[in-house]
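Got your viewer open and a selection box ready? Here is a walk through the model, one stop at a time.

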Amino acid sequence: MASSLTTAHRAWIESADCDLDDFRALVATPTDAADYPLASDVRLGALVYSAETMATADRHELQTELIRALADGPGVVVFEGVFDHSTVDRASEAFTALIADQRAAGGAAGDHFGKAGVNDRVWNAAQKLALHSPGVFADYYANDALAIVCEAWLGPRYQVTSQVNVVNPGGAPQVPHRDYHLGFVDEDQLAAYPAHMHRMSPALTLQGAVAHCDMPLESGPTMLLPHSQKFLGGYIAFYRQEFVDFFATVQVQVPLRKGDAVFFNPALMHGAGANTSTDIRRMANLLQISSPFGRAMESMDRAAMVRAVYPALLAMKAAGRTDRELRNAVNATAEGYAFPTNLDRDQPIGSLAPPSQVDTVLSALADDLTPAALDDVIAQHITRRIS
């Protein structure tokens, strides 16, 4: 059996790092509530945080605890009631309209780990929501509980992408998996990535889901395996049938209510559950939030999103929404990283980097620029960055 100390310092993932007995012992680790004083509960190994705690706890202390939970603890946290129902319902209406348009256009949306066409999926849902219902988008992504966990795991200039998934009654479960980045590398290529890349990959992404309806067990909430993110050989191991079979015997499912959110380390073994209900269309907004230093899975027209959402941001400011809420909404809309760019034209004068799109939008909001004026600024910003 390979010790955690030994595997932590290996240059490459080896067969000894994919031992099922080691994995079995690791995931048997209990989640001790005493280690997480801000959590209100431990539910099937997952840490649960109340909306009140998310709103009132010392931000730095809370983020420190969330980092520990996601990295070295169970790897999964549940936030109860952090999205208000009216905002969720308005977003659900927009998503339902997008799904109807998608169906009318024909063709089935695929699924990385499930059969295409059985359920309803909206790819690039963040951009589509921004263009379809910019006011709803701004309200939704102003949410500070979302910002707290994103900043904790990824830093202040995180990049939001989203995919809506509706699992219809009778929908089959997904194949259990780890997620982006190394979770999307072919099995025969994984061992070519050195061990430090296997450790680094989870730090580039945060997985999450917002419940857009109540999700009792029969609706098939996400199957989770707490503590599994700590298994170094996991990206390779979960191509092996014995690990898939073991997952089926020990996975847990935490029921959610509308407005709850779950976030987890992307290396946590997980998969959508089977919807055995007869009448629940289980809708979740699947959030994949990326580090500014990584590559998001989906390409997005952030400039188009900014142009669509900016009037809603001005309205939020005029209505007295907090600077933090405005910044949260801007971070979810605009490109937060200054690079790559054309340094001949987009020069870092007086700083280490030229202004990012987020910097540009925040400055425009501070100066109450009109949408037309911002449009000119964004066009100039884009032109400077062209190679």
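Before the first stop, a term: a cavity is a set of grid points where a 1.4 Å probe fits but cannot get out. Keep in mind as you click around that this is a predicted model.

**Stop 1: the cavity**

Start inside. The structure holds one cavity of 30 Å³ or more, and the volume of the largest cavity is about 450 Å³. To find it, select Gln174, Thr222, Phe264, His270 and Leu286, which lie nearest its centre among the 33 residues of the lining. Now colour the lining by residue type: you should get 19 nonpolar, 11 polar and three charged residues. Which strands supply at least two residues each to that lining? Light up S5, S6, S9, S10 (270–271) and S11, since each of them does.

**Stop 2: the eight-stranded sheet**

Next, show the strands as a cartoon. Eight of them form an open sheet with mixed pairing, in the order S1-S2-S3-S9-S6-S11-S5-S4. Strands in a sheet pair through backbone hydrogen bonds, either parallel or antiparallel. Go to the edges and you'll meet S1 (41–43) and S4 (120–122); each has a single partner strand, so one side of each is left without a neighbour in the sheet. Look along the sheet to see the twist, which averages 25° from one strand to the next.

**Stop 3: S5 and its partners**

Select residues 159–167, which make up strand S5. Is this strand mostly covered or mostly open? Mostly covered: nine of its nine residues are buried. Try colouring the two faces separately. One side has Gln159, Thr161, Gln163, Asn165 and Val167, the other has Val160, Ser162, Val164 and Val166, and they are all buried.

Now step sideways to each partner. S4 is joined to S5 by three bridges, and the two run antiparallel; pick Asp120 and you'll find its bridge partner, Val166, in S5. On the S11 side (residues 282–290), the pairing with S5 is antiparallel too and runs over nine bridges. For a landmark there, click Val164, whose bridge partner in S11 is Asn285.

**Stop 4: S6, S9 and the helix across them**

Move to S6 (residues 205–211) and S9 (residues 261–264), an antiparallel pair joined by four bridges. Val210 is a handy place to zoom in, with Ala261 of S9 as its bridge partner.

Then add helix H4 (residues 59–71). H4 lies across S2 (46–50), S3 (76–80), S6 and S9, and runs at about 135° to S3.

**Stop 5: a serine in H5**

Select residues 85–105 to bring up helix H5, and pick out Ser92 within it. Buried or exposed? Ser92 has a relative accessible area of 11%, and under 20% counts as buried, so buried is the answer. Show what surrounds the side chain: leaving aside residues up to four places away in sequence, Ser92 touches His212 and Met283.

**Stop 6: the three-stranded sheet**

One more sheet to go. This one is open as well, with three strands in the order S8-S7-S10 and antiparallel pairing. S8 (252–253) and S10 are the edge strands, each pairing on one side only. Zoom in on S7 (residues 223–224), which pairs with S8 in the antiparallel sense over two bridges. Pick Leu224 there and you'll land on its bridge partner in S8, Val252.

To close the loop, keep S10 selected and bring the cavity back: S10 is one of the strands that supply at least two residues of its lining.

Conventions
Residues are numbered from 1 along each chain as its sequence is written. This is a predicted model: local features need pLDDT of at least 70, side-chain atom pairs count only at pLDDT 80 or more; totals for chains, interfaces and linings use all residues. Side-chain values use heavy atoms; hydrogens and water are left out. Two strands pair if DSSP finds at least two bridges between them. Axes are lines fitted to C-alpha atoms, for helices over the stretch in contact, and angles run from 0 to 180 degrees between N-to-C directions. Contact means heavy atoms within 4.5 Å. Buried means under 20% relative accessible area, exposed over 50%, partly exposed in between (1.4 Å probe, protein chains only). On a 1 Å grid over the protein atoms alone, a cavity is a set of points where a 1.4 Å probe fits but cannot get out, and a pocket is an open set with protein on both sides within 12 Å along at least five of seven lines; lining residues have an atom within 4 Å of a point. Grid points are joined across faces, edges and corners, and a volume is the space filled by probe spheres set on the points. Ala, Val, Leu, Ile, Met, Phe, Trp, Tyr, Cys and Pro count as nonpolar, Asp, Glu, Lys and Arg as charged, and the others, Gly among them, as polar.
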